[in-house]
Amino acid sequence: MHHFTRSIAEQDPTIHALLEKELHRLGTTLQLIPSENFASKAVLAATGSIASNKYAEGYPGRRYYEGNEYIDQMEQLAIDRAKLLFGAEYANVQPLSGGPANMCVYEAFLQEGETVLSMDLAQGGHLTHGAMVNFSGKKYRFVHYPVDPVTHRIDMHTVREVALREKPRMIVCGASAYPRLIDFSAFRAIADEVGAYLFADVSHISGLIVAGVHPNPLPFADVVTTTTHKTLRGPRGALILSRQEFAKALDSAVFPRIQAGPHQNMIVAKAVAFHEAMQPEFRQYAEQVVANAKVLAEALTEKGYTLTTGGTDNHLMVVNVAAKGMTGSEAASTLAKTGMVTNKNMIPYDTASPFVTSGVRLGTPAMTSRGMQEADMQHIATWMDRALSARDRADALLAIRQEIEEHLASFPIYDSYA
Ligand code: PLP
């Protein structure tokens, strides 16, 4: 019996029903998690394409499997577009996600136990930048540069001091919850002074970088990783960028040391996303992401909220809700009841546990993809303030939820889940 041509609805009604519910949830709630976005239908179609079926261990032109003549062309296009987009000599588009990409970088550049200097997860860094619960923290000796206790900004004098003291083999810059620009050239100068590799993980900001609204880590960094599904608005996945001199070490770290068969459907979708990111509309999009974040940050500040670093230069912000008498987890769960989907987040020098936290992290990439502009950010700030002020009143939260749903009706996103 062949069921190859049936729709999901016919083939698997249970999953179909859940996908319909997820589509409705996305359509009727505000996606404010800064690491999320809405990929185009073309990108989504590529992820569900026939390229999913192929094994292609190796690299274009040197595979361990036959039948890759078209797959090779698609992967080569993804590589060439990535290089052009970021201005890089080398790109590897096979990493399955940001975590694996970072693992490949450490594998290519470091020996077990070597010292790496990065930002702490608790201050805005990422799990894979040396957290003790992660492979990175177990396999290498990570030390951290603290953000300034008052401004919560990265202080390049402090980075230099710690680097001179710890003599790291690698310095990592880039973060998951840092709302300001990263000075890659200043990091480069410190890396040169102490003889360290410079690794920039620009997962969050790569869409802003290619649009020219955030400085580019190339050519300062020796190696750069980014996820493709955040501000870059591609499929879930990642890529590695570097100079030709590190090509061999990075290629062999990705395959065969860390990964085996690449996901060619995701590679094709990355190629489509890179093509989209080269268009003038993408630049406008990224500019609007930043403009929207600024307005949201200012509106929240006017309502009496404290933001770490006092605001934002990029697509995200971290609101200190403890200053308003609640925990991050209380705030995030209250907001979720009104259809504002966020995540709790530690603030620098947080005294609450990672599960409770004192902050909420907000970002504008997804709602900007949906077409929202400055005036909508003012509405969001007002809804947030109302929701957090009425957090024990179910009726008030429900009223906000209805207002949000009505507002969202004029910002259609997908007409179907696939
Ligand atoms: N690096 C940074 C800075 C991130 O923010 C993230 C994801 O949030 C990652 C790496 C990991 O990416 P993934 O979740 O795709 O493994």
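**Ligand environment and packing of helix α8**

In the predicted model, a polar side-chain atom of Ser 176 is placed 2.7 Å from an oxygen atom of the ligand. Two further side chains make polar approaches to the ligand. For Asp 201, a polar side-chain atom lies 2.5 Å from a ligand nitrogen atom, and for His 204 the corresponding distance, to an oxygen atom of the ligand, is 3.4 Å. The ligand taken alone exposes 400 Å², of which 82% is buried by the protein.

The shell around the ligand comprises 13 residues, and those that come nearest are Ser 97, Gly 99, Ser 176, Asp 201 and Lys 230. Ser 176 and Asp 201 thus appear both in this nearest group and among the side chains with a polar atom close to a ligand atom, at 2.7 Å for Ser 176 and 2.5 Å for Asp 201. By residue class, the shell divides into 10 polar, 2 charged and 1 nonpolar residues. Helix α5, spanning residues 98-109, gives the most to this shell, with 3 residues.

Helix α8 was also examined. This helix covers residues 184-194, and its buried residues are Phe 184, Ala 186, Phe 187, Arg 188, Ile 190, Ala 191 and Val 194. The packing partners of these buried residues are helix α7 (156-166) and the strands β7 (170-173) and β8 (197-201). Residue 201, at the end of the range given for β8, is the Asp 201 whose polar side-chain atom lies 2.5 Å from a nitrogen atom of the ligand. Just after α8, Gly 195 adopts a positive phi of about 70°.

Methods: Residues numbered from 1 in each chain as written. Predicted model: local features only at pLDDT ≥ 70, side-chain atom pairs only at ≥ 80, totals over all residues. Heavy atoms only, no water. Near = heavy atom within 4 Å. Polar contact = N/O pair within 3.5 Å; in protein donor to acceptor, adjacent residues only side chain to side chain. Areas by Shrake-Rupley, 256 points an atom, 1.4 Å probe, with all protein chains shown as cover. Helix = DSSP H or I, 4+ residues; strand = E, 2+ residues; numbered from the N terminus. Nonpolar A, V, L, I, M, F, W, Y, C, P; charged D, E, K, R; others polar. Buried < 20%, exposed > 50% of the residue type's maximum accessible area, 1.4 Å probe, protein only. Contact = heavy atoms within 4.5 Å.
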